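Me: I've just opened this one and I don't know my way around yet. Could you pick the sheet and what packs against it, and walk me through that part slowly?

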Amino acid sequence: MEKLYFLSLASGSSGNCYYVGTNSYGILVDAGIGVRQIKKVLKEHGIEFEKILAVLVTHDHADHIRSIGYIGEGMSIPVYTTEMVHTGISKSRYVEEVLIQSRRVIEKEKPFTIRDLKITAFEVPHDSMDNVGYSIEYGDRTFVFVTDVGHITETVRNYVKGANYLVLESNYDVEMLAAGSYPQFLKERVSSDTGHLSNYDASEFLASVYSPKLTDVWLCHLSRDNNHPELAVKTVEYRLLQDGIKVGKDISLTPLKRMNPSDMYAFDVVI
């Protein structure tokens, strides 16, 4: 039996990086933390960096691209994202190396392959140069990433409906943000249609798209100042229970840590 592996290395405004892999190779989704940290975490889980075949980039904000230049040009690992995200990366003061040999341009909703992985980028609303989610298919299993999403669109909804495994933003609690210390302009940016997804919005969305094929959900990009992992989980759990969906029985729900790696998850795949 083949396996599909998932590991979150970090998930939050200080840096984001995720690993998806098979028995013999893997890819990263974003690289917003240091290369040494990426190597260290992967090695602790028995993954040699030489097995990383590519990095998929969601958008050009610093907490998603901090190590992209070195990984791409310094380590000759292809960096896949849209033309506009590449433009944003090239203008970023957080990326010193210019992506040349490692630069791979993809188009939204045009599938491409990396070995046995079928990957499709799709539009996600956020206030970056451009922003995408990713659907990653391996055999009969589909992994979907929706990080940094201002609001749910029909495109996002359609891709999530195909997911067995989902990484979904649950950035802030509405009341905590409103009562918190952020200046008004930042509160408005976070809660705007091109900002971030609240616990409430994530819970309503999950309730609306749930089906038995969706077995595992990880809540990502939780705010340090305007959220708590327990609050995010309880908000989603309570909403799902209203529709008779029981967390721990019908679906697995896990908040991802901001600065620390998650467990390594392994799933059976039929090729």
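Reply: Here's a stroll through the sheet, its strands, the helices on it and the cores.

Keep in mind that this is a predicted model. The sheet is an open one with 7 strands, in the order E7-E8-E9-E10-E11-E12-E13, and its pairing is mixed. At the edges you'll find E7 (112-114) and E13 (252-255); each has a single partner strand, so one side of each is left without a neighbour in the sheet. On average, neighbouring strands are turned by 20 degrees against each other, direction ignored.

Now zoom in on E10, residues 141-146. This strand is mostly covered, with 5 of its 6 residues buried. On one hand it pairs with E9 in the antiparallel sense, over 5 bridges, and one pairing you can look for is Glu-137 with Thr-142. E9 and E10 make a hairpin with 2 residues between them, and Gly-139 in that turn has a positive phi of about 60 degrees. E10 is also joined to E11 (residues 165-169), but here the strands run parallel, with 4 bridges. Try finding Phe-143, whose bridge partner in E11 is Tyr-165.

Next, the helices. H8 lies across E11 and E12 (216-220), running at about 150 degrees to E11. H9 packs on the sheet as well, touching E12 and E13, and its direction makes about 155 degrees with that of E13.

These two helices also meet each other: the axes of H8 (residues 199-209) and H9 (residues 229-242) come within 9 Å and cross at roughly 35 degrees. The crossing is right-handed. Residues making the contact include Tyr-200, Ser-203 and Leu-206 from H8, and Leu-231, Thr-235 and Arg-239 from H9. Sorted by type, the contact residues come out as 7 nonpolar, 3 polar and 2 charged.

Finally, the cores. The largest nonpolar core has 30 residues, and Phe-6, Leu-56 and Ile-136 touch the most other members. The strand giving the most to this core is E9 (residues 132-138), with 4 residues. Ile-136 is a nice one to click on: leaving aside neighbours within four places in sequence, its contacts include Val-20, Ile-27, Leu-56, Leu-117, Phe-143 and Phe-145. Apart from that core lies another, of 28 residues, with Ala-163, Ala-232, Val-236 and Ile-245 among them. You've already met the helix that holds two of those names, as Ala-232 and Val-236 are also part of the contact that H9 makes with H8.

Methods. Residues numbered from 1 in each chain as written. Predicted model: local features only at pLDDT ≥ 70, side-chain atom pairs only at ≥ 80, totals over all residues. Heavy atoms only, no water. Axes fitted to C-alpha atoms, helices over the stretch in contact; angles between N-to-C directions. Left-handed = near helix turned anticlockwise from the far one by under 90°. Contact = heavy atoms within 4.5 Å. Nonpolar A, V, L, I, M, F, W, Y, C, P; charged D, E, K, R; others polar. Core = buried A, V, L, I, M, F, W, Y, C linked by side-chain atoms within 4.5 Å. Buried < 20%, exposed > 50% of the residue type's maximum accessible area, 1.4 Å probe, protein only. Pairing = 2+ DSSP bridges.
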